[in-house]
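Dear colleague,

Please find the structure below, handed over for your own work. My findings follow it.

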Amino acid sequence: MRIRVFASAEALARTLALDVVRRLAEKPDAVLGLPTGLTPIPLYRELVRLHHAGKADFSRAATFNLDEFLGLAPDDPRSYRAFMQRHLFDHINISPRRIQFLDGTVGNVSRECQRYERAVERAGGIDLQILGLGLNGHIGFNEPARALIARTHLTRLKPATRRANARFFDNRMSTVPREGLSMGMATILHSRRIVLLATGATKARCVQRVIEGPVTPRLPGSFLQLHRCVEIWLDRPAAAALEG
Ligand code: F6R
């Protein structure tokens, strides 16, 4: 695992945005795997800025997001799809047909999960998968468990994850969906390059366990240790518990 520590979350976002833009210049039809959450917001802001400055062209890029709430339509403002529209897609020149998302409203969930797996394959796999890290070590909606499900699947959200998402639901826990759809850890680990982002002191202990602890389904992020091209990008507070 390659670990990079930045002076601030903004410095991290600026460097990663340039990295993404460089990748798109080399490979205009690159396939990007994207997370939602608070952590990637500075990155999306920076990508939008670079696009407006004429320095980032997404016209041939494709994206796959990691997860979506069950039961929320793409145009529901609380959905992850709507989050991505607000923070990134509405402000760049990506073609809507190259934006891939799990649909939380389908009748047949397992067919939807298979569709997503096939779509990733048809796109030729994910070139750069960007990830955030849940406080409990989750990746996408792959929650800590006795065993992980390898491929895209329906998952029950942990109370901690629902609490962390309550901000999208007027802080009313009762309205936060109890289930979601998520890319599986094997799908994620098939990406050619993975960059895990974690910023802020609250993530420090979890980051330390992900990097220095054993590989265990009790901490899905630890599975990233199995990937041969994974980078962990941190700000100083998130790196504070690492040895040396
Ligand atoms: C959401 C996702 C989640 C988040 C994680 C961290 O698409 O993949 O695993 O990355 O919950 O969220 P923040 O960044 O809000 O701390």
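**The largest pocket and its ligand**

Helix H5, residues 159-165, contributes four residues to the lining of the largest pocket, the most of any contributor. Please note that the model is a predicted one.

The largest pocket has a volume of about 560 Å³. Its lining comprises 26 residues, and those nearest the centre of the pocket are Leu 133, Gly 134, His 138, Arg 167 and Lys 203. Sorted by class, the lining consists of 10 nonpolar, 13 polar and three charged residues.

The ligand occupies this largest pocket. Around the ligand there are 16 residues, and Thr 36, Thr 39, Asp 67, His 138 and Lys 203 are the closest of them. In this shell, six residues are nonpolar, seven are polar and three are charged.

Three polar contacts may be of use to you in setting up calculations:

- Thr 39 places a polar side-chain atom 2.5 Å from an oxygen atom of the ligand.
- Leu 38 has a backbone N or O atom at 2.8 Å from a ligand oxygen atom.
- Arg 167 has a polar side-chain atom 3.1 Å from an oxygen atom of the ligand.

On its own, the ligand has 410 Å² of accessible area, and the protein covers 89% of that area.

Two residues appear both among those closest to the ligand and among those nearest the centre of the largest pocket, namely His 138 and Lys 203. Arg 167, which has the 3.1 Å contact described above, is likewise one of the residues nearest the pocket centre.

With kind regards

Definitions and conventions: Residues are numbered from 1 along each chain as its sequence is written. This is a predicted model: local features need pLDDT of at least 70, side-chain atom pairs count only at pLDDT 80 or more; totals for chains, interfaces and linings use all residues. Side-chain values use heavy atoms; hydrogens and water are left out. A residue is near a molecule or strand if one of its heavy atoms lies within 4 Å of it. A polar contact is a pair of N or O atoms within 3.5 Å; within protein, one must be able to donate a hydrogen and the other to accept it, and residues adjacent in sequence count only if both atoms are side-chain atoms. Accessible areas come from the Shrake-Rupley method with a 1.4 Å probe; for residues, only the protein chains shown count as cover. On a 1 Å grid over the protein atoms alone, a cavity is a set of points where a 1.4 Å probe fits but cannot get out, and a pocket is an open set with protein on both sides within 12 Å along at least five of seven lines; lining residues have an atom within 4 Å of a point. A molecule sits in a cavity or pocket if more than half of its atoms lie within 2 Å of its grid points. Ala, Val, Leu, Ile, Met, Phe, Trp, Tyr, Cys and Pro count as nonpolar, Asp, Glu, Lys and Arg as charged, and the others, Gly among them, as polar. Grid points are joined across faces, edges and corners, and a volume is the space filled by probe spheres set on the points. Helices (H or I, at least four residues) and strands (E, at least two) are DSSP runs, numbered from the N terminus.
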